[in-house]
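Student: Please choose one part of this model and take me through it closely, from the whole chain down to the backbone angles. I would like the cut-offs behind each term as you go.

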Amino acid sequence: MRFLGLQPRAAYAKSAPPFHETGRNYQERPNLVGRLEGTGRGRVMLNAHVDTAPITDPQAWTHPPYGAIVEGDRLYGRGALDDKAGIAMMMLLAEVFQEIEHAPELLFASVIEDEDSGNGSLACMEAGFWTDHAIVLDGTWPFRAIDSHLGQLWLHFEVPGVAAPSCSWARAVNPIDLAFQKIAGLRAWVDEQNRRMPQWLEIANPFFLSIGEFHSGSWAGSVPERAQVSLQMGFPPPWTPESIAAVAREHLGDFRIGALCTPPHTQRPNRPAELLRAQVDRLRAGEMEFRIQAVTGHCDLRNLRKQDGSLAEACLYGPGGGANPHVADEYYLMSHFVPVAQNVASALLELIRS
Ligand SMILES: [Zn+2]
């Protein structure tokens with residue numbers, strides 16, 4: 001950013017409201033916001049995230065996770081798709097837009113913790129980098145923009161058992177069995193909700209429960225002392241993290257709310273998404289139908305605000321296609337980079353001129 005003359009400023013999250021409590025230290029983890037000063041009114045932000053999902057099993061990768069191996073059109077590596085390509089595209093656009101005159105102020109935000117807390121984008125807002133419009137460059141293919149996502153909640157809980165040798169199972173209480181009973185109860189509730197509300201926007205079965213971590217025991221010879229479980233729940237409106245947590249408590253007992261805790265988000269009609277659609281239709285007529293849709297995941301759209309605190313007009317688009325975000329063999333399709341950057345640039349020009 002400095003090289004491009006953007007004079008980046010750092011914005012730090014804190015361990016106090018309005019930030020989501022994560023127990024993490026934010027002191028050496030800046031969000032960076034570069035600026036191109038505008039002559040017009042208002043602000044437009046491009047936003048991409050530098051945090052990545054962890055590597056759970058290096059053995060499962062056919063290419064080294066931090067190798068950035070190029071094979072044909074694919075660039076393999078953790079974060080290649082989600083969201084280093086978004087950061088690279090944001091830098092390319094920052095360079096291109098230096099030439100533009102009569103534009104509103106343009107902000108380029110490189111943020112942390114999009115994958116869970118959203119505290120990075122929130123820190124930018126708290127530091128005064130509000131915006132009227134935004135495109136978040138993250139997680140979408142060239143013919144798709146995202147205006148809505150499910151609510152999400154991470155829950156961590158522990159199930160105590162009564163330990164004993166396996167052969168004395170009759171006087172033991174197995175915490176693994178107990179944990180799965182609790183999860184089965186909550187999953188039955190999720191299934192029931194999907195029967196009652198089988199669709200939200202473009203999402204079929206909009207309630208989900210996914211177990212991401214399960215730790216217990218060390219060998220077959222013992223009933224273990226305890227089980228530790230982390231899971232993610234997704235849900236549509238009118239459910240909120242609070243109302244979902246109340247239901248979960250009935251099934252799981254005590255738990256700790258994790259770093260991901262967001263209400264469902266929707267902003268429809270969505271001006272940046274409509275501008276993208278118009279530009280993609282114009283530039284790539286007949287290639288594929290452009291869709292504006294909701295996703296089962298989440299992103300930082302909820303934290304992007306105007307100066308008066310209301311939601312910025314924002315959507316998720318770019319940096320293009322690939323596969324396997326969050327899991328082994330993540331890759332980005334490099335041939336998408338230039339056309340998708342062109343699509344964003346054209347939409348930004350329209351936004352600036354209108
Ligand atoms: Zn992402």
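Tutor: What follows begins with the chain as a whole and then turns to one sheet, the helix across it and the loop beside it.

This is a predicted model, in which local features need pLDDT of at least 70 and side-chain atom pairs count only at pLDDT 80 or more, while totals for chains, interfaces and linings use all residues. Residues are numbered from 1 along each chain, as its sequence is written.

The protein chain has six helices and 21 strands; these are DSSP runs numbered from the N terminus, with helices being H or I over at least four residues and strands being E over at least two. For 354 residues a compact globule would have a radius of gyration near 20 Å, and the 22 Å of the protein chain agrees with this; the radius is taken over C-alpha atoms, and the globule rule is 2.2 Å times the number of residues to the power 0.38. Along the principal axes, the C-alpha atoms fill a box of roughly 80 × 45 × 45 Å. Of the contacts with a separation of 6 or more, 77% are between residues 24 or more positions apart, where a contact requires C-beta atoms, placed from the backbone, to lie within 7 Å.

The part to examine is an open sheet of four strands in the order S4-S5-S21-S20, with antiparallel pairing. Strand S4 (69-71) and S20 each have a single partner strand and stand at the edges, so one side of each is left without a neighbour in the sheet. Strands are taken to pair if DSSP finds at least two bridges between them, and S20 and S21, which run antiparallel, are joined by two bridges. Within this pair, Ala 323 has Tyr 331 of S21 as its bridge partner.

Helix H1 lies across strand S5 (74-76), S20 and S21, and runs at about 50 degrees to S21; the axes are lines fitted to C-alpha atoms, for helices over the stretch in contact, and angles run from 0 to 180 degrees between N-to-C directions. This helix, spanning residues 80-96, includes Asp 83, and the peptide bond that leads from Asp 82 to Asp 83 is cis, with omega near 15 degrees.

The backbone of the loop between strand S20 (322-323) and strand S21 (331-333), where Asn 324 is placed, deserves the same attention. Asn 324 is a residue other than glycine with a positive phi, near 65 degrees. His 326, in the loop between S20 and S21 as well, has a positive phi near 75 degrees and is also not a glycine. As background, most residues other than glycine have a negative phi, and most peptide bonds are trans.

How buried or exposed are these two residues? Asn 324 has 15 other C-beta atoms within 10 Å and is therefore partly exposed, and His 326, with 16 C-beta neighbours inside 10 Å, counts as partly exposed too. The scale calls a residue buried if 20 or more other C-beta atoms lie within 10 Å of its own, exposed if 12 or fewer do, and partly exposed in between, again with C-beta atoms placed from the backbone. On that scale, 42% of the 354 residues of the protein chain count as buried.

Methods. Two residues are in contact if their C-beta atoms, placed from the backbone, lie within 7 Å.
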